[in-house]
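I opened the model and kept notes as I went. My list for the day: empty space, cysteines, charged pairs, backbone angles and surface.

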Amino acid sequence: MRRVLVVGEINADLVLKGLHAAPAPGKEVLADDFLMTPGSSSMICAMGLARLGNPVAFHGKLGLDAWGEYCLGALRDAGIDVTSLRPDAALRTGVTVSLSTPSDRSLVTFAGAIAALRADEVSAGLLAKAEHLHVSSYYLQQALRPGCRELFARAHAAGLSTSLDPGFDPARQWGSDLGDTLHEVDLFLPNEEELKAITGYHDVRDALIALDNGRTRTVVKRGRLGCATLHEGDLLEVPAYVVDAVDSTGAGDSFDAGFLHAWLREMPLRDCMRWGSACGSLSTRGIGGTTRQADAEEARALVAKAP
């Protein structure tokens, strides 16, 4: 099994499920359920990888506070190596409020320590202990972003493969620097909205072609439509799996975990996409991104049902 180093943001998710109406200024809205769970794209992916049986280490920033203690404990309980994490009294751990329905969710985030991690803080020693580097939330990690390409280049020089999930850009700028960064990325894992915003193309195939740099494999997550990628110039599509969905929070991050689990084992491309779709779908069975993530047996059983 190839050891994965996840470099990214740490925060807690406060999930409000089953809103009775859309929130409006001056009004109170009721929700059917509430749960506090480990949050952030990076944490959810890391915990999904660990749940599938992969050795995982995590590096990021967190405050010396109750939120940070909660997140650190959750990562440790998941079997993730957190020896490089150092709670910092000068920082405040981030928090995300997720307003969720079975089909979608809206997020409000206090970034806190998320914006503090720099690429040069990811040491050669950390890279030397891993075989793959994954980074999530490119746009949220403001201090990491300028050095992200150099970090991926160092990882490649050390023999690691690499992957990136961009996440949403709250500023809606979708900067051109991402294109340069992708030249050092093996796998790029945006969702459909992110892909279209980054490229400016509405058609998925056109958007994928626009990102084709001769190196990076882009796999776009399309929610209930499954996922798609370019293969020998054609659009290769894999459908989503139907489950009794409760909450879609973090489904894309669990997709990343499932795809990487298969890809790191050199499974065929279509099977990697099926593992991603299976893990993304199965994660929606519970509230929050991590409460019902699939183990390898569950994912394998669902993938086996594919035509």
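**Entry 1. Cavity**

I started with enclosed space in this predicted model. The largest cavity has a volume of about 40 Å³. I found one cavity of 30 Å³ or more in the structure. Its lining consists of G48, L52, S254, A257, C279, Q293 and A294.

**Entry 2. Helix α1**

G48 from that lining made me look up α1 (41–51). How many of the eleven residues of α1 are buried? Ten are, so α1 is largely enclosed by the rest of the structure. I listed the buried ones: S41, S42, M43, I44, C45, A46, M47, G48, L49 and A50. After α1 comes G53, and I noted its positive phi, near 105 degrees.

**Entry 3. Cysteines**

I turned to the cysteines next. The disulfide count came to zero. C45 is in no disulfide, and the nearest cysteine sulfur, in C279, lies 10 Å away. C45 has a relative accessible area of 0%, so I put it down as buried.

I then checked C227. Why does C227 have no bond to C272? The closest cysteine sulfur to that of C227 is in C272, and at 10 Å it is too far for a bond. The cut-off is 2.5 Å between the sulfur atoms. C227 is buried too, at 1% relative accessibility.

**Entry 4. Second largest pocket**

I went on to open space. The second largest pocket holds about 160 Å³ of space. Three elements give two or more residues to its lining: α7 (204–211), β10 (217–221) and β11 (227–231). Which element gives the largest share? I found that β11 does, with three residues. The full lining reads L208, L211, D212, G214, R215, T216, R217, T218, T229, L230, H231 and E232.

**Entry 5. Salt bridges**

I counted charged pairs next. The total is 16 salt bridges. I looked up several of them.

E192 and K196 form a salt bridge, with 2.8 Å from N to O. Both residues sit in helix α6 (residues 192–199), four residues apart, or about one turn of the helix. E192 is buried, because its relative accessible area is 16% and the limit for buried is under 20%.

D271 pairs with R274, and their closest N and O atoms are 3.3 Å apart. This pair lies within helix α9 (residues 269–282), three residues apart, again about one turn of the helix. Buried or partly exposed: which is D271? At 24% relative accessible area, D271 is partly exposed. R274 is buried, at 17%.

E298 forms a salt bridge with R285, and the closest N and O atoms are 3.3 Å apart. This pair links distant parts of the chain, 13 residues apart. E298 is in helix α10 (residues 296–303), and R285 is in the loop between α9 and α10. I have E298 as partly exposed, with a relative accessible area of 28%. R285 counts as buried, at 19% relative accessibility.

I also noted a network. Salt bridges with shared partners join K61, R118, D120 and E121.

**Entry 6. Positive phi at serines**

I checked the backbone for positive phi outside glycine. S40 has a phi of about 80 degrees, although it is not a glycine. I placed S40 in the loop between β3 and α1. S40 counts as buried, at 7% relative accessibility.

S137 was another entry. Its phi is near 55 degrees, a positive value in a residue other than glycine. Where does S137 lie? I found S137 in the loop between β7 (132–136) and α4 (148–157). S137 is buried, with a relative accessible area of 6%.

**Entry 7. Nonpolar surface patch**

I ended on the surface. F34, M36 and W67 make a nonpolar surface patch of about 280 Å². F34 belongs to strand β3 (residues 33–39). F34 counts as partly exposed, because its relative accessibility is 46% and exposed means over 50%.

**Recap**

I kept a few points for the next session. C45 is one of the buried residues of α1, and C45 is in no disulfide. C279 lines the largest cavity, as does G48. S40 lies in the loop between β3 and α1, and strand β3 holds F34 of the surface patch.

Terms used
Residues are numbered from 1 along each chain as its sequence is written. This is a predicted model: local features need pLDDT of at least 70, side-chain atom pairs count only at pLDDT 80 or more; totals for chains, interfaces and linings use all residues. Side-chain values use heavy atoms; hydrogens and water are left out. Patches are made of residues with over 30% relative accessible area and no salt bridge: like charges are joined within 9 Å, nonpolar side chains (Val, Leu, Ile, Met, Phe, Trp, Tyr) within 5 Å. Accessible areas come from the Shrake-Rupley method with a 1.4 Å probe; for residues, only the protein chains shown count as cover. A salt bridge is a side-chain nitrogen of Lys or Arg within 4 Å of a carboxyl oxygen of Asp or Glu. Buried means under 20% relative accessible area, exposed over 50%, partly exposed in between (1.4 Å probe, protein chains only). On a 1 Å grid over the protein atoms alone, a cavity is a set of points where a 1.4 Å probe fits but cannot get out, and a pocket is an open set with protein on both sides within 12 Å along at least five of seven lines; lining residues have an atom within 4 Å of a point. Grid points are joined across faces, edges and corners, and a volume is the space filled by probe spheres set on the points.
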